[in-house]
Amino acid sequence: MDFLREAIQLIVEPPGDLVYYLVTLFALQQVLTAALVSRSTLRREAFSRRWMWAAIGMLIVRGVLIVVSLLSTVGTTTSVQTLVPLERWGEVISILLVIWAAVLSQRPSRWQTWVLALLLALTVGLGIYSLIEWPAWQAAGYVFGDTPLSIMWEMASIGSLVLALLLCGVLRPIEWEWAIGACLFWLAGHVTQILFADPALHISGWERLGILIAFPLLAMLAHRQLANPRMLKKSIGSLADIIPLQNVIQTIVSARELEP
């Protein structure tokens with residue numbers, strides 16, 4: 001446990017927190033690469049398109065967090081006032097995007113995208129509310145984990161992860177075991193944060209540690225889903241209609257007499 005606490009201290013304080021951001025950024029870049037390759041070569045529209053947009057969304061979130069963290073190190077912004085609520089907001093967005101891309105893509109429907117858009121809009125509203133309310137709590141001497149804002153975001157994150165696990169168990173998407181593994185580590189970070197939170201830290205160290213494990217697993221999940229032969233059969237099943245035509249063309253080319 002002491003070793004884990006030392007690791008947490010490294011990833012919640014500058015410059016070690018940049019290592020955390022870079023590792024997660026690299027994992028998401030692998031997800032985006034897999035989605036782009038699949039989209040351009042295998043034409044798996046629903047699966048690759050959702051993974052592509054989910055990766056882009058999560059990369060934008062990580063990019064914003066990195067910029068805020070860098071600005072805070074040079075004194076341009078106050079890290080605690082901006083980074084803490086932004087990080088909680090970005091995590092809920094990432095969970096929702098993972099559900100949309102990894103769990104629901106096998107049975108895509110337009111209503112899923114509309115529900116995602118509605119939930120993302122709701123999280124944006126909650127994020128703005130947190131950015132406005134948090135400075136007053138901080139000025140009163142509160143740690144973020146002791147505020148109703150933290151409870152709100154924890155409920156949103158844990159509820160989304162539990163939903164992801166339930167959907168994985170019911171729908172059994174391609175490579176669902178990897179999805180469950182990533183969500184379990186992600187969820188473990190939140191549960192551990194609630195049980196063993198450091199009262200001196202505004203940043204959630206246990207949650208960051210869980211994400212450091214979950215995001216590489218998500219990268220593996222994306223690669224395995226997009227390269228799975230079962231998805232290949234479903235996504236390019238129309239090739240079965242092309243094969244008879246190909247046989248006819250080969251017969252015409254190889255025929256030596258006009259009638260055949």
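## A kinked helix and two salt bridges in an all-helix chain

Helix α5 has a kink of about 30 degrees at Glu-133, shortly before the proline Pro-135. The bend at a residue is taken here as the angle between axes fitted to the seven residues ending there and the seven starting there. Please keep in mind that this is a predicted model, in which local features need pLDDT of at least 70, side-chain atom pairs count only at pLDDT 80 or more, and totals for chains, interfaces and linings use all residues. Residues are numbered from 1 along each chain as its sequence is written, and side-chain values use heavy atoms, with hydrogens and water left out.

**The chain as a whole**

- The chain has ten helices and zero strands; helices (H or I, at least four residues) and strands (E, at least two) are DSSP runs, numbered from the N terminus.
- Read along the sequence, the pattern is α-α-α-α-α-α-α-α-α-α.
- Of the 260 residues, 42% count as buried, where buried means under 20% relative accessible area, exposed over 50%, and partly exposed in between (1.4 Å probe, protein chains only).
- About 13600 Å² of the chain is exposed, and carbon and sulfur atoms supply 70% of that area; the areas come from the Shrake-Rupley method with a 1.4 Å probe, and for residues only the protein chains shown count as cover.
- Among contacts with a separation of 6 or more, 76% join residues 24 or more positions apart; a contact means heavy atoms within 4.5 Å.

**Helix α5**

- The 30 residues of α5 (residues 110-139) should span 44 Å at 1.5 Å a residue, and the end C-alpha atoms are 45 Å apart, which agrees. The expected span is 1.5 Å times one less than the number of residues.
- Buried positions in α5 include Gln-112, Leu-116, Thr-123, Gly-127, Ser-130 and Trp-134.
- An α-helix has 3.6 residues a turn, so residues three or four places apart point the same way.
- Just after α5 comes Gly-141, with a positive phi near 95 degrees.

**Salt bridges**

- The count comes to two salt bridges, each being a side-chain nitrogen of Lys or Arg within 4 Å of a carboxyl oxygen of Asp or Glu.
- One of them joins the side chains of Arg-208 and Glu-87 at 2.7 Å, N to O. Arg-208 lies in helix α8 (residues 205-226) and Glu-87 in helix α4, so this pair ties together parts that are 121 residues apart in sequence.
- Arg-208 is buried at 1% relative accessible area, and Glu-87 is buried at 6%.
- Arg-224 and Glu-175 form another salt bridge, at 3.2 Å, N to O. Because Arg-224 lies in helix α8 and Glu-175 in the loop between α6 (148-171) and α7 (176-195), the pair ties together parts that are 49 residues apart in sequence.
- Here Arg-224 is partly exposed, at 35% relative accessibility, whereas Glu-175 is buried, at 15%.

**Arg-88, a buried charge without a salt bridge**

- Arg-88 sits in helix α4 (residues 79-103).
- Although Arg-88 is buried, it has no salt bridge; Glu-207, the nearest side chain of opposite charge, is 4.1 Å away. For charge, Lys and Arg count as positive and Asp and Glu as negative, while His and the chain ends are not counted.
- Beyond its neighbours within four places in sequence, Arg-88 contacts Phe-144, Ser-150, Trp-153, Glu-154, His-202, Ser-204 and Glu-207.

**The loop between α6 and α7**

- Most residues other than glycine have a negative phi, and most peptide bonds are trans.
- Arg-172, in this loop, has a positive phi near 45 degrees without being a glycine. Arg-172 is partly exposed, at 45% relative accessible area.
- Glu-175, found in the loop between α6 and α7, also has a positive phi, about 55 degrees, and is not a glycine.
- Leaving out residues up to four places away in sequence, Glu-175 touches Leu-221, Arg-224, Gln-225 and Asn-228.
- The C-alpha atoms of Glu-175 and Val-103 are separated by 9.6 Å, with their positions 72 residues apart along the chain.

**Gln-9 in helix α1**

- Gln-9 belongs to helix α1 (residues 2-12) and is partly exposed, at 31% relative accessibility.
- Not counting residues up to four places away in sequence, Gln-9 touches Asp-198 and Leu-201.
- Gln-9 and Leu-201 are 192 residues apart along the chain, and their C-alpha atoms are separated by 9.5 Å.
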